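Welcome! Let's take a walk through this structure together, one feature at a time.

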Amino acid sequence: MSTPATPATPAQPRTGRPRSAAADEAILRATRDALVELGWSKLTMGDVAQRAGVAKTTLYRRWAHKNELVVDAVAVLFDELELPDRGSLLEDVQGVVLQFAALLERPETKTALMAVVAESTRDAALRERIRSAIVDRQKRLVLLGRERAQARGELPYEESPAQAARNADLIFDVIAGAVVHRALVSAEPVDATWARNFTALLVGGLGGVSPG
């Protein structure tokens, strides 16, 4: 005789106060402000809590370590990047390059990004958080741009999903690496002329439309 199935235990409702989007926004903004003013080494969770007007326990319920907090404070800035349809692959890429460069010109972006990248050289967990919170999220722009270009007939469709994923990674690395190096390492302007020349080189290498 078979034993009756045990009914599934219903999900328990979450206890405690729900997270506040306004509090999160205030905390992330306070983190960026503190980084610009104090730098990485002097930044503390207590200082961020005071600036944001929240209890330190509120901060630690959301982020266990300063590293995680700073990465998330940077990540929301990169989420501002968009890829409007400008009618061609060349124009789409050039537009996002200039957007990215403008974002890197902001003191809070520059300071926070340089800080977490430097710190991640000694912290594997931090590198993984940067990848998941910033790099992987922003690959959406590459995927969207490629999809549009393929629909227009400017780029071929890849038959292998694995190859398509590798190509997306490479395109992201080339764009992000070139712009970050130009803006933050070489400290040279990423202006319309540079963006146009870089984009023409990139699109030509992708086998897309040649610049007119």
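Please keep in mind that you are looking at a predicted model. A good place to begin is with the aromatic rings: searching the whole structure turns up 2 aromatic pairs. One of them is formed by Trp 194 and Phe 198, whose rings are stacked, with 5.1 Å from centre to centre and 5° between the planes. Both residues belong to helix H9, and because they are 4 residues apart there, about one helical turn separates them. Are these two rings buried or exposed? Trp 194 is buried, as its relative accessible area is 19%, and the cut-off for buried is under 20%. Phe 198 counts as buried too, at 11% relative accessibility.

From here we can turn to the nonpolar interior. In soluble globular proteins, nonpolar side chains tend to be buried together. In this model, the largest nonpolar core has 59 residues, and the ones with the most contacts inside it are Leu 59, Leu 69, Phe 78, Val 97 and Ile 134. Many helices contribute: H1 (21-38), H2 (45-52), H4 (66-78), H5 (89-105), H6 (107-120), H7 (124-152), H8 and H9 each bring at least two residues to this core. The largest share comes from H5, which supplies 9 residues. To get a feel for the packing, zoom in on Leu 59. Leaving aside residues up to four places away in sequence, Leu 59 touches Ile 27, Met 45, Val 48, Ala 49 and Leu 69.

Next, let's look at the charged side chains. How many salt bridges does the structure hold? There are 16 salt bridges, and a few of them deserve a closer look. Asp 24 pairs with Arg 62, their closest N and O atoms being 2.5 Å apart. This pair links distant parts of the chain, with Asp 24 in helix H1 and Arg 62 in helix H3 (residues 56-62), 38 residues apart. Both Asp 24 and Arg 62 are buried.

A second salt bridge joins Asp 72 and Arg 129, with the closest N and O atoms 3.0 Å apart. Asp 72 sits in helix H4 and Arg 129 in helix H7, so this pair ties together parts that are 57 residues apart in sequence. Asp 72 counts as buried at 18% relative accessibility, whereas Arg 129 is partly exposed, with a relative accessible area of 27%.

A third salt bridge connects loops. Arg 106 forms a salt bridge with Glu 80, and their closest N and O atoms are 2.9 Å apart. Arg 106 is found in the loop between H5 and H6, while Glu 80 is in the loop between H4 and H5, 26 residues apart. Arg 106 counts as partly exposed at 28% relative accessibility, and Glu 80 counts as partly exposed at 42%. Charged residues can also join up in groups: Asp 85, Asp 92, Arg 148, Arg 152 and Glu 154 are linked in a network of salt bridges.

Our last stop is a detail of the backbone. Which residue has a positive phi although it is not a glycine? The residue is Ala 187, with a phi of about 55°. You can find Ala 187 in the loop between helix H8 (161-185) and helix H9 (192-206). With a relative accessible area of 59%, Ala 187 is exposed, because the cut-off for exposed is over 50%.

Conventions. Residues are numbered from 1 along each chain as its sequence is written. This is a predicted model: local features need pLDDT of at least 70, side-chain atom pairs count only at pLDDT 80 or more; totals for chains, interfaces and linings use all residues. Side-chain values use heavy atoms; hydrogens and water are left out. Buried means under 20% relative accessible area, exposed over 50%, partly exposed in between (1.4 Å probe, protein chains only). A nonpolar core is a set of buried Ala, Val, Leu, Ile, Met, Phe, Trp, Tyr and Cys residues joined through side-chain atoms within 4.5 Å. Contact means heavy atoms within 4.5 Å. A salt bridge is a side-chain nitrogen of Lys or Arg within 4 Å of a carboxyl oxygen of Asp or Glu. Rings of Phe, Tyr and Trp (its six-membered ring) pair if their centres lie within 6.5 Å; planes under 30 degrees apart count as stacked, over 60 as edge-to-face and the rest as tilted.
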